[in-house]
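Hi,

Here is the structure I promised to pass on. Have a look at it first, and my notes follow underneath.

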Amino acid sequence: MPRASASILAMLRRRWRTMLLAVVVVLGAAWWFRSPLLGPLVARTAAGVIAGALDGQAQVAGAAGGWLGDAALHGLSASGGPHHPVRRLEAARIAATYRPGLLLGRLECVQTLTAENLLVDLDLDRSAPMRTAPTAWPPLLAGLGGSLPQVQAGGGLRLALAGHRLASGWSLAGGGTDLRLHLTGLRLDDGAPASGDLALVLRRPGRLELAAPVELLGLPLSSLALEFAQDRQQVEAVVAVGDGTVDLLATATRTTVTLRQVDLAALSPTLAALLPAELLPLAGRVDGELVAEPGAAGWTLHGTLDASGLAVRGLGPLRLSLRGSLGPAAVDLRLTLAGELERLVAGLDAAPDLAGQLELAAELRGDPNAPLAKLTLATRDLRLFGVVVETGATLQQDADGLLVSATHLDAGALGQLVAEGRLPLVFGLGGMQRVAGRSTLHARLGSAHLERWLPRWCEAGSAEVVVDGVEGEDWASVTGALRGVRLRPLGAQASIPRSASPATAAAAASPGAVTVAGDRAAEVLPIDADTVIRVGADGLHGSARVAIAAQEVLRASLELPGLPPLQQRLDRQAWLGHPVNGSLDLVGLDLQQLAPVLGWLRHLAGTASGHLACSGSIGQPRCTGGITVSALEAKLSPAIPTLTAGTLRLAVAGSDLTIEECSGLLGEERITAQGTVRLDAPGGPAVTASVAGRNLLLLQRPDARLRADLALTAGGTWPALLVAGDITVTSALLTPELSLLRAALRAPGTAKPAGDGRLVLFELEPPLSELQFDLRIASRPEVEGRDDGVRLTTDVVRAVADLDLRLGGTGAAPQPEGRIQMRKGVLVLPACSLRVIQGELLFAPGKPFAPRVNAVATTRLRGHEVTVRVEGPLADPQVTASANGLDDNDAMMLVTTGATPSELETEGGQRGAVGRAGAWLGLEAWRMIEGPGDPDSGPGLGERLSIDWGRKVSADGRDTIEAEFLLTPLERALGLLLYGQRDRYEDYNMGLILRWSWGGDRR
């Protein structure tokens, strides 16, 4: 037995050693493989803790470390909930070393902390409902003890605040009593730098202070301190704002902002960009103290605010005083605004002439969503256009709704407003709400001098709007009327001075002519309109009728089935998405009545009719239907002929207009067009169109007439359309004033006549002046007996030319490139006439306004064959002459006077020169007396008569004389003229000779 027992004990001892060894091996393996074994569990646990802290989601790719002394998280990615300021957290690695006491919550056990690429994305515009009011911030730094761990962290920061985003890099480094936080490269969402580098230094445990002054958001930040001690937790800052200072003191239970002499007009551009654009520009000097305190239901704001010289969007200045508190449970506010009306409205366009003192007082108490309220509007010494105005208004809000009392404005014929009654509506921070009760409101607004309120649009008229409360689910019934409205033509100047008295205004507004587009006068016919709008349980229904000269021309209707909930009726987005139905009918609208209003139209006539139906929503309405215009006549510019016998049919589909038919006559030839117009295109109406026609009259003015075939396209945004295609000139006539006698008799210093020295193709008036061109311009080939090409007919030059041009530029400054080649021509000088054998006008590339002329003309004069050359810029050409047997100077003298210098020394030469000069002066004088005529009606008397001296010389030195008087136009194939001569054989043919000429040049 003892032996058996000993064997058992020996066996147990051997197995114990084996089991102990196995336990040691297992424990060692577990410690060695702790990260693979525990890492997933720790990663999930850490992700759960982070997600719970952010009220969102979190993921940790992995975890590693000894757990009792060190730990690390890899691949952290977390996002906060919808009401949490943390939008995103990302980190490549976060690691720490510590003593095991950290597991008991002792922060001083942390020895080192590192973070790599830690990105923090905060949105301070988010607000989470507070379940309990905090009494302190977590004293993180205070809990670390007197000696801080070694910290090494860095990454990026993105911060959303007041609709803007701020981006920055950051780093945190140091330990013990030397810890520094750096924010580097601060930038706003538009890329503009927000400040220099911001450095905070740990001055003592639990207190970070600004290392040096820095500029933040364009504001000098002179001091900044963050305290996280156990007994004091707060943020202090002093910032220079608008030539004043703003002091901030924030704790967990209270935030105080003190403003001292802050000039709103001197805000930095970066800070002004953070404010709503609807408030800018701002001005005024502000003082006050605002205190914000958190509670279980939210923040409560109370304090005082005083502003002097306050102006918003340029309107002001005002004096403002605000006292009281505003919180989620109660409101108690007292607001006072006061200012001088004349200065208050000075920033408004076309502001009425107002003077006097304005005082507005408001009191709000009780429930913020439906406070008891009283608003009083009072004025002193109020004058409107010099008229004393009686006015006053009081609005009171209680549990039964809004009471309107003592609301009136009486300015005589200039305007009257009366409003009394009750609305079952209450207004508060939550919007508008309906309460039990019925509406009894009645309001009437009228004015007998509408032009005083709308000086840019109206010359005269009266207006009236009546609002009546009705029983039922809703309250509004609105009727309106316009009587005797005369719209001001576009571009016309206001005829009533801003400070005119009512009598002066009434006299100036009496029916009569108004000035449009320079010196044109047009009568504006009276317009009457009636409108009815009714709001009921089934929605809104409206109708309108417009009459011109007591004849109905337009009917319209509008229906909003149902209405947005009452609380949303002040919400613009709720209205934009609401469905709409409507229609519009044109009933024989006489377009001539609208012409005076469209100041850029010279003439408009025709009859328009049509029907449009509207559907969709208020924000995106869709119209369908069509409009037809018959007997259309239109004239856009004095140089463009009137379009007559026009027809226009438009199809409307949403924002697209389709030109189904557009045709008319230009110079008794038909022009057609088709295309589309997109009204909702960015930048303005987008046009795509094509225009075609043959032998159209495109230009007609006293000195020019042009007919051509068109094949054009137009595209782009109106009025800056690109017009491209081909223009083939079928016939053109230019008759600029080039009389040599008129030029000689013109007084010194007076302007040269139009067209003198330069060739103007055309110039268009606005809005056509904004058209852009890419046109190819050519003329038809010459055909015998046909009037083709461009004819130049003046007292000096008669010629026919061909075109080969490319036209660019705009309607205000067309830029030709190419050449005008002369086909045939005659140059008429006082002493002779020359045949042009070569001539061209060249528009070189890049020099559209400096064409060059190159011409050669010949004649036979006093036995000499004379050649004249004209070369160089059209504005200053070089003219030379040459002749056989004469030098160049004598040749030029022969051309200009009809004799050489040696011949002028003889009695016969002088007598001949005097005769030639007398004949020329007589012709020129007759042309001046006759005056300019219609170039298309044929040549005048002065142009029908021509006299040539000295083409030949007789044996005794007498000049030959040849005179012709045209009986029929020269351009006809069969011409008839009277001819008389004194020939070189001394014979006098005193009778009349009837000569037949078969077309062509008579020489």
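I'll start in the middle of things: L706 sits across from A732, a residue of β43. Before going further, a word on what you are looking at: this is a predicted model, where local features need pLDDT of at least 70 and side-chain atom pairs count only at pLDDT 80 or more, while totals for chains, interfaces and linings use all residues. Residues are numbered from 1 along each chain as its sequence is written, and side-chain values use heavy atoms, with hydrogens and water left out.

Back to β43. Strands here are DSSP runs of E, at least two residues long, numbered from the N terminus (helices are runs of H or I, at least four). Two strands count as paired if DSSP finds at least two bridges between them. Strand β42 (residues 704-717) and β43 run antiparallel, with 14 bridges joining them, and a hairpin of two residues makes the connection. With strand β44 (residues 772-779), β43 pairs in the parallel sense over eight bridges; there V729 faces S779 of β44. Strand β45 (residues 790-793) also runs parallel to β43, joined by three bridges, and A732 is opposite V790 in β45.

How enclosed is β43 itself? It covers residues 720-734, and 11 of its 15 residues are buried, so the strand is largely enclosed by the rest of the structure. Buried here means under 20% relative accessible area, exposed means over 50%, and partly exposed is in between (1.4 Å probe, protein chains only).

The loop between β42 and β43 has something for you to check: P719 is found there, and the peptide bond joining W718 and P719 is cis, with omega about 5°. Most residues other than glycine have a negative phi, and most peptide bonds are trans.

W718 also turns up among the contacts of P685 (contact means heavy atoms within 4.5 Å). Leaving out residues up to four places away in sequence, P685 touches V677, R678, L679, G716, T717 and W718. P685 and G716 are 31 residues apart in sequence, yet their C-alpha atoms are 8.3 Å apart. P685 belongs to the loop between β40 (669-678) and β41 (686-701) and is partly exposed, at 29% relative accessibility.

Two alanines have unusual backbone angles to look at. A549 has a positive phi of about 55° although it is not a glycine; it lies in the loop between β33 (539-548) and β34 (551-561) and is partly exposed at 41%. A645 has a positive phi of about 50°, but its place is in strand β38 (residues 643-653), and at 42% relative accessibility A645 is partly exposed too.

On the surface, W453, L454 and W457 make a nonpolar patch of about 330 Å². Patches take residues with over 30% relative accessible area and no salt bridge, joining like charges within 9 Å and nonpolar side chains (Val, Leu, Ile, Met, Phe, Trp, Tyr) within 5 Å. A salt bridge is a Lys or Arg side-chain nitrogen within 4 Å of a carboxyl oxygen of Asp or Glu, and areas come from the Shrake-Rupley method with a 1.4 Å probe, where for residues only the protein chains shown count as cover. W453 is in the loop between β27 (442-447) and β28 (458-469) and is partly exposed at 35%.

How many disulfides are there? Zero in the whole structure, taking a disulfide as two cysteine sulfur atoms within 2.5 Å. C458 is buried at 4% relative accessible area, whereas C662 is partly exposed at 22%.

Cheers
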